[in-house]
Amino acid sequence: MLKLATIICLFLLGSTVPLLAAGQNARPHIDRNSLPYGCGTCHVGFDFNSGGGSEGCVSCHGKSRPPREFVDSNAVLRDLESEFKKRYRHPTFDVRGVHKANEVLPEQNPRASRHADCVDCHNPHLTTQTNVFAGIKGKRVGNSVTEIVNEYDLCYLCHGDSLNLPGRATNKRAEFSVNNPSFHPVEGEGKNLAVISLLKPYREKKTDPGDVSVISCRDCHGSESSTSPRGPHGSANQYILVENFSTRDREPESATAYALCYRCHNRTSILGDESFRFHSQHIKGKVTVGMNNGTSCYTCHNSHGSVDAKYLIRFNRDIVSASSSGLLKFTEKGTSAFRGECYLTCHGVDHNPKSY
Ligand code: HEC
Ligand code: HEC
Ligand code: HEC
Ligand code: HEC
Ligand code: HEC
Ligand code: HEC
Ligand code: HEC
């Protein structure tokens with residue numbers, strides 16, 4: 001027998017969530033053509049506090065298909081389970097039992113455990129094929145809660161203003177702000193009009209229809225394999241990146257070491273010193289006493305944005321320290337003139353300043 005609460009829930013869900021016609025905009029989980037057992041598929045015995053958690057999700061979106069009576073035989077179900085077994089992944093199955101259906105993100109309790117369940121990123125009732133974030137609640141503006149439209153807003157729920165960010169993590173919302181002196185163009189077009197290394201179809205400003213001047217988290221974060229399901233679930237590459245990127249100092253330069261950057265920035269241009277006259281010298285270094293002294297892009301550039309300098313300059317403080325006069329800074333000399341100066345100490349070399 002259906003309990004009264006259940007009937008009310010069904011009624012509320014039915015009225016606020018009208019079933020859409022079949023097709024790409026249908027909500028497959030609450031469409032009986034897709035899941036013939038309806039709500040009971042996940043709410044076994046009608047427990048509305050839980051729909052089986054992330055384990056329940058991979059009973060269909062996992063390595064093997066569920067028994068045929070549970071899903072429409074035409075449904076395309078990708079294997080998400082294997083993504084979460086990769087070395088670098090969201091901690092969906094590593095941190096369990098922390099998510100609460102009524103939680104409000106960004107987290108305001110600095111001691112709360114960090115987690116990322118499937119349902120933090122996908123609303124099980126409202127998700128569709130074309131909008132996998134449909135129904136995920138965004139940030140609070142006054143008394144109302146916005147809906148997630150852009151991928152970056154989803155990510156900022158946990159990688160932006162959360163008070164429980166891990167020790168070394170930075171606020172990504174602050175780094176991507178279009179008010180910064182420089183940023184990778186995720187929230188809008190960038191400020192630099194002379195990014196001489198850009199490969200087609202990437203452009204500083206969109207002028208031709210084929211130009212791409214705005215990129216997304218997903219252009220850099222996601223599976224290492226283009227045949228995997230979409231999304232930043234897991235990757236063989238560190239930081240869940242689509243390509244390898246070494247952040248290490250004294251790394252010998254190669255197409256693989258900085259493959260991520262070379263996807264969009266021409267390696268020949270960067271190593272040919274078309275912008276920064278000493279790029280090649282720093283990136284490749286030379287072998288002295290059997291040790292390579294080249295360094296990563298990461299030693300000088302932030303991958304996301306810089307709150308205080310142009311050209312994404314943000315020095316890696318593990319390697320770079322203040323100059324002999326106590327300064328640590330980069331200053332540009334003239335706009336797009338490819339000239340500037342640095343005050344710092346690196347690999348024992350004082351820059352007080354050094355200019356190009
Ligand atoms: C694909 C699995 C799945 C199906 C099918 C499903 N649900 Fe859910 N439901 C969940 C999960 C998972 C949660 C927990 C969500 C959370 O913790 O954020 C949930 C939570 C709920 C809740 C608690 C409040 C809320 O929205 O978080 C209600 C009420 C609910 N479901 C009703 C229904 C009804 C009614 C149906 C059928 C029309 C249905 N569900 C079908 C997975 C499902
Ligand atoms: C009983 C099987 C079943 C369960 C359990 C289930 N799903 Fe699905 N899911 C489906 C089917 C079927 C589709 C539609 C696929 C199609 O039509 O090709 C779908 C579609 C989706 C989509 C839209 C993208 C796509 O591939 O179409 C997302 C996102 C998704 N599910 C996430 C989840 C999450 C998160 C959970 C756990 C809360 C979950 N699913 C639980 C069967 C299931
Ligand atoms: C519900 C919270 C949540 C959401 C939403 C979320 N993440 Fe995460 N993410 C985490 C947690 C928890 C970790 C584990 C490390 C940590 O605590 O930051 C993580 C780890 C990562 C890492 C690896 C970090 C490392 O140090 O290796 C990347 C990259 C990442 N997330 C990107 C994204 C992107 C891109 C989005 C948006 C599409 C996103 N995340 C949305 C919670 C979330
Ligand atoms: C998916 C494509 C893409 C990838 C991958 C990429 N970039 Fe960029 N990058 C761009 C675009 C587009 C711009 C132009 C922004 C503008 O016009 O200000 C840009 C601009 C820059 C700038 C100049 C920013 C400014 O404001 O002066 C630097 C520095 C930079 N990228 C470094 C990197 C590094 C380092 C990597 C690897 C970690 C990388 N990029 C990976 C697309 C990419
Ligand atoms: C141009 C490529 C690029 C784009 C676009 C990009 N990232 Fe990253 N991200 C990286 C690289 C490279 C690293 C590893 C080095 C580092 O930490 O900067 C990284 C590291 C991270 C980390 C782990 C380190 C930390 O500070 O917590 C998180 C989380 C993250 N990115 C989230 C995001 C989110 C969210 C977006 C979109 C709003 C995004 N990234 C867009 C390249 C990118
Ligand atoms: C940190 C956020 C996050 C978590 C956690 C997460 N997803 Fe996703 N998922 C995404 C994003 C972002 C996309 C892709 C959006 C895009 O690129 O269009 C996606 C895409 C998908 C798709 C569509 C894949 C395709 O190629 O059509 C399915 C299905 C899916 N996720 C299921 C799941 C399941 C099941 C879980 C838990 C086991 C899960 N996701 C956990 C963020 C997340
Ligand atoms: C020693 C510090 C340093 C290192 C290491 C470094 N850069 Fe730069 N980079 C700079 C400076 C300084 C500029 C600004 C040049 C100017 O004045 O226009 C710059 C500018 C850029 C630009 C914008 C102009 C252009 O060429 O399109 C890109 C893109 C870029 N760097 C990518 C990279 C990549 C990719 C790597 C690693 C393979 C890297 N950089 C390593 C210091 C560095």
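Contact here means heavy atoms within 4.5 Å. By that yardstick, and leaving aside residues up to four places away in sequence, Val242 touches Arg218, Asp219, Cys220, His221, Gly222, Ser223, Glu224, Asn237, Leu260 and Arg263.

This is a predicted model, in which local features need pLDDT of at least 70, side-chain atom pairs count only at pLDDT 80 or more, and totals for chains, interfaces and linings use all residues. Residues are numbered from 1 along each chain as its sequence is written, chains are lettered from A and ligands numbered from 1 in the order in which they are written, and side-chain values use heavy atoms, with hydrogens and water left out.

**Overall picture**

The chain has 9 helices and 12 strands, taken as DSSP runs (helices H or I, at least four residues; strands E, at least two) and numbered from the N terminus. Its C-alpha trace spans about 80 × 45 × 40 Å along the principal axes. Of the 356 residues, 35% are buried, where buried means under 20% relative accessible area, exposed over 50%, and partly exposed in between (1.4 Å probe, protein chains only). Take the contacts between residues at least 6 apart in sequence: 44% of them join residues at least 24 apart.

**The cores**

A nonpolar core is a set of buried Ala, Val, Leu, Ile, Met, Phe, Trp, Tyr and Cys residues joined through side-chain atoms within 4.5 Å. The largest one has 11 residues, and Val242 is in it, along with others including Leu241, Phe245, Leu260 and Ile283. H7 and H8 are the elements that give two or more residues to this core. Apart from it lies another core, of 10 residues, among them Ala309, Ile319, Cys342 and Cys346.

**Two iron sites**

Donors are N, O and S atoms within 2.8 Å of the metal (3.2 Å for Na, K and Ca); water is not among the atoms, so sites may look incomplete. Here are the two irons side by side.

| Iron atom | Protein donors | Distance | Angles among 6 donor atoms |
|---|---|---|---|
| Ligand 4 | His184 (NE2), His265 (NE2) | 2.0 to 2.1 Å | 88 to 180 degrees |
| Ligand 6 | His122 (NE2), His233 (NE2) | 2.0 to 2.1 Å | 88 to 178 degrees |

The site in ligand 4 is octahedral, and the one in ligand 6 is octahedral too; six donors earn that label if opposite donors are over 155 degrees apart and all others between 65 and 115. For six octahedral donors, the ideal angles are 90 or 180 degrees.

What does the ligand 6 pair tie together? His122 sits in the loop between helix H3 (118–121) and E2, and His233 in the loop between H6 and strand E5 (234–235), so the pair joins parts 111 residues apart in sequence. His122 is partly exposed at 26% relative accessibility, whereas His233 is buried at 14%.

Over at ligand 4, His184 is in the loop between strand E4 (182–183) and helix H6 (217–220), and His265 in the loop between helix H7 (259–262) and helix H8 (267–271), 81 residues apart. His184 is partly exposed, at 25%; His265, at 19%, counts as buried.

**A hairpin and a covered helix**

Strands E2 (residues 137–141) and E3 (residues 144–147) pair antiparallel over 3 bridges; pairing takes at least two DSSP bridges. Lys137 stands opposite Glu147 in E3. The two strands form a hairpin with 2 residues between them, and Gly142 in the turn has a positive phi of about 65 degrees.

In helix H4 (residues 151–159), the buried residues include Glu151, Tyr152, Leu154, Tyr156 and Leu157. Their cover includes H3, E2, helix H5 (172–176) and H6.

Note on methods
Four donors count as tetrahedral if all angles lie between 85 and 135 degrees; four count as square planar and six as octahedral if opposite donors are over 155 degrees apart and all others between 65 and 115; anything else is irregular.
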